[in-house]
Amino acid sequence: MRAEDRGVLPPEQSISRVIARLRSHALYDVLLLCVPPLLLLLYAFAYVHQLGLIPPFVLFVLTGICLASLAILAVVLYRPKVPSAPLAARLLDEKTEAKDRFVTLATLDPKSSAPLLISRLRLEAGGFARRLSLERDFPYRVKPRFYQSLLASAVAALLLHLLVPAVQSTPLPEGAAHERLRELARQMAARPRLADLGRRLETLVKKLEDQSSTKPEQQKLVQEMRQKVEEQQKKEPEQGDRNILGQTSRTLKNLEQQSGAGQEQSPEKKEGGGGSIQSNLPQDGQGESKQSQGDGGDSKGEMTAESNPRMQQGNSAQGDPKGQSGDKNQQTKGNDKSQQGDPDKQSGPRSNETAGKNEGKSDQPGGKSSASEERPQGAPPSDRLAGDGKGGLKGEHYVTVQLPDDPAGESNGEGKIGTAKGGRSRTNVPASNAPLPPHVPDAPTEVQQMPLEYRGLIR
Amino acid sequence: MTPENFQQVFTGLESEVRKVIVGHDDVLRRVLIAFFAGGHVLLEGVPGLGKTLLVKTLSQALGISFKRIQFTPDLMPSDIVGTQVLAEDNGRRDFQFKKGPIFAHVVLADEINRATPKTQSAVLEAMEEKQVTVFGESYTLASPFMVLATQNPVELEGTYPLPEAQLDRFFFKLVVAPPSPAELREILHRTTGTQFQDAQPVFGDAGGPLVEEMKELLRQVLIAPPIEDYVVRLVHATQPTTSNGAAPIPAVKQYLRFGSSPRGAQAVILGAKGHALADGRVHVSYADVEQVIYPALRHRIILNFQAEAENVAADQILAELMAKVPRT
């Protein structure tokens with residue numbers, strides 16, 4: 001009697017059902033593995049497209065390539081996972097405790113075996129197949145790989161959100177920025193509402209590339225263009241147009257910052273190239289200097305020096321206090337407290353002090369600063385200051401000097417003169433960074449023409 | 001002969017022998033499997049464990065002829081196979097062949113390792129060829145024919161250990177273990193009283209043909225190709241030097257001089273088939289194979305000097321082999 005006649009499921013059919021079940025499991029596994037990266041890629045492409053970094057055509061091509069690659073990957077991963085008949089039979093044997101009956105039936109050639117034994121084996125296997133419940137014996141379980149894939153995709157999406165803005169905010173080189181602007185101008189020209197602005201942008205790029213125009217002019221043009229773009233962006237109702245305008249605005253801003261930075265850097269480079277003479281003044285215009293503090297509080301002074309506009313911006317002409325030409329006439333032996341300004345604007349040995357505060361204790365009775373009393377040692381000043389480079393004056397456009405006893409009015413620098421304690425007037429320390437006049441051999445004697453170190457002595 | 005009949009006869013034989021023999025269930029089952037597979041068995045165990053009684057009882061239960069040969073150093077081949085004797089018949093004298101004890105269905109070769117190699121060879125030739133040749137004339141042995149040889153592993157002085165080539169002719173090598181306390185108590189109960197039981201023949205008059213049918217059925221048992229492949233891999237893995245370039249299992253390489261011959265694989269397959277039938281199945285499972293690996297291969301793998309020096313047994317190597325060789 002056949003197994004079907006007895007109402008028993010034929011073992012071959014049981015094996016087929018198990019294969020189908022396991023095949024669907026394999027499909028789920030592969031889909032679950034591939035779907036998170038697929039969604040991530042689609043999202044990344046859409047995100048990048050939304051930012052206007054890729055045009056729609058590229059988006060479609062990338063999406064197509066991505067889908068095709070993942071489909072191939074899915075097939076490659078799926079095929080080995082589909083169980084063969086012997087494998088399914090072995091699993092069936094394990095689940096039903098059939099002692100390899102299904103394996104024997106699935107792999108044995110019935111023609112070369114005794115029919116009596118084969119039919120008996122089929123009957124036995126059919127009985128064991130009744131124990132089978134696919135839902136119970138072969139339940140689907142989500143594999144850990146899915147969670148790993150999901151986690152990796154989530155991390156990648158997070159990184160995308162972090163990195164793309166960072167990359168976008170990175171200033172482009174000037175040439176690349178121009179090219180980007182030109183590309184944006186083309187995109188804008190393709191949109192009716194932005195066509196006019198696109199043409200203007202194109203014109204701007206041409207002007208920027210024109211060598212005859214100066215930097216400030218270019219910067220001004222860029223600034224104006226950016227304002228226009230931003231205004232247009234506020235008015236624009238469409239998201240796509242707003243994105244393009246946003247990118248244009250960012251690119252212009254980058255360009256503007258670059259040209260601004262270039263302008264600021266250029267004079268500093270000039271200054272930083274050679275040596276400089278240092279004054280012993282607290283150079284910052286906003287700085288406050290406690291000039292000297294004598295023994296017993298004889299001389300305690302505060303001075304606020306306001307010098308040239310650069311100083312007021314926090315650029316100091318004072319460099320390393322130990323530095324230039326071994327100036328012993330710097331200030332005092334006291335503590336020197338200074339707050340440094342913007343370090344980006346520091347050039348060479350100069351230090352930038354935005355609120356320099358020098359506090360000194362003078363060894364001299366009466367609070368007289370030793371700065372004006374000390375005499376230079378070594379070679380004569382003409383030799384020491386004639387050279388270029390560190391410590392020399394050659395090639396310098398201006399120097400900052402300290403004239404200890406000069407009236408404040410005579411100096412170009414404006415010094416706030418404090419009142420010394422103990423009835424003595426505080427030493428006025430005017431400062432100047434006015435450019436030196438050209439050297440005229442027969443010129444009348446001027447204060448500035450004299451060697452600086454000797455002025456106090458002569459007076 | 002149907003599988004049900006086979007199992008019925010098999011179980012009946014086991015029951016009859018158990019009336020006399022206490023314990024040794026595995027040994028008894030494997031001896032019966034070897035009998036229906038057409039093989040010979042080497043029983044190894046210390047004296048007094050009931051090896052001879054087991055064989056004698058089995059032959060009684062089978063209802064077939066049984067002869068016992070006690071092997072001694074002075075035993076001659078003619079004492080086993082027989083010889084030509086001068087006989088007078090109606091005033092005419094003629095040489096007649098006097099059959100030796102080998103002409104029985106079941107032959108017990110007791111302490112086979114005490115005979116000289118020449119005598120051992122006579123028996124082993126009969127085992128393989130199922131015939132003997134005396135003075136140029138061949139005599140076919142009875143069918144079914146089975147030799148059950150015993151050897152004592154302890155008293156090795158004055159013995160002639162069987163050569164590897166001759167060991168290979170034994171289908172199974174079974175180790176007879178000492179009885180457990182419960183079994184010993186039962187042995188005492190049965191043997192020290194006044195009542196004794198004998199095994200009754202199971203087959204009756206048609207014993208011979210029935211045994212042949214059972215042997216035929218055993219060979220028809222189904223075995224799946226993956227299980228055959230498993231046996232092949234197992235037997236091939238016993239070779240210390242492999243031909244396919246794969247590295248041998250470390251224990252095999254370290255302790256074996258020679259691996260199993262193809263006879264080993266044949267013994268495993270037939271033994272597994274017999275085991276399946278005895279279990280009431282018509283197909284071989286992986287478990288059947290693993291049940292017969294030890295008796296079928298333990299005397300076919302030749303240990304090297306290092307294994308003997310380190311007292312490594314063949315069963316240990318086989319256990320590692322089965323652990324290392326995957327089923328699929």
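**Helix H2 of chain B and its surroundings in the predicted model**

In this predicted model, the buried residues of H2(B) comprise B:Val27, B:Leu28, B:Arg30, B:Val31, B:Leu32, B:Ile33, B:Ala34, B:Phe35, B:Phe36 and B:Ala37. The helix is thus mostly covered, with ten of its 13 residues buried. H2(B) spans residues 25–37, and its end C-alpha atoms lie 18 Å apart. This separation agrees with expectation, because 13 residues at 1.5 Å a residue should span 18 Å. The helix is followed by B:Gly38, which adopts a positive phi near 80°.

One of the buried residues of H2(B), B:Phe36, is also prominent in the nonpolar interior. The largest nonpolar core contains 103 residues, and B:Phe36 and B:Val289 are those with the most contacts inside it. When residues up to four places away in sequence are not counted, B:Phe36 touches B:Phe6, B:Phe10, B:Leu13, B:Phe203, B:Val211, B:Met214, B:Lys215 and B:Leu218. A second, separate core of 29 residues includes B:Phe71, B:Ile112, B:Leu124 and B:Val147. In soluble globular proteins, nonpolar side chains tend to be buried together.

B:Val289 also takes part in the contact between H11(B) and H12(B). The axes of helix H11 (residues 262–278) and helix H12 (residues 286–297) of chain B come within 8 Å and cross at roughly 135°. H11(B) is therefore oblique to H12(B), and the crossing is right-handed. From H11(B), the contact is made by B:Gly264, B:Ala267, B:Val268, B:Gly271, B:Ala272, B:His275 and B:Ala276. The partners on H12(B) are B:Asp288, B:Val289, B:Gln291, B:Val292, B:Ile293, B:Ala296 and B:Leu297.

B:Leu303 belongs to strand S11 (residues 302–303) of chain B. This residue counts as buried because its relative accessibility is 17%, under the 20% cut-off. With neighbours within four places in sequence left aside, B:Leu303 is in contact with B:Tyr255, B:Leu256, B:Arg257, B:Glu308, B:Val312, B:Ala313, B:Ala314 and B:Ile317. Of these partners, B:Ile317 is 14 residues from B:Leu303 along the chain, and the C-alpha atoms of the two are separated by 9.4 Å.

For chain A, the secondary structure amounts to 14 helices and seven strands. Chain A has 459 residues, of which 40% are buried. Among its contacts between residues at least 6 apart in sequence, 70% join residues at least 24 apart.

Technical notes:
Residues are numbered from 1 along each chain as its sequence is written. Chains are lettered from A and ligands numbered from 1 in the order in which they are written. Side-chain values use heavy atoms; hydrogens and water are left out. Helices (H or I, at least four residues) and strands (E, at least two) are DSSP runs, numbered from the N terminus. The expected span of a helix is 1.5 Å times one less than its number of residues. Buried means under 20% relative accessible area, exposed over 50%, partly exposed in between (1.4 Å probe, protein chains only). A nonpolar core is a set of buried Ala, Val, Leu, Ile, Met, Phe, Trp, Tyr and Cys residues joined through side-chain atoms within 4.5 Å. Contact means heavy atoms within 4.5 Å. Axes are lines fitted to C-alpha atoms, for helices over the stretch in contact, and angles run from 0 to 180 degrees between N-to-C directions. Angles under 35 degrees count as roughly parallel, over 145 as roughly antiparallel, 65 to 115 as roughly perpendicular and the rest as oblique. A crossing is left-handed if the near helix is turned anticlockwise from the far one by less than a right angle, and right-handed if clockwise.
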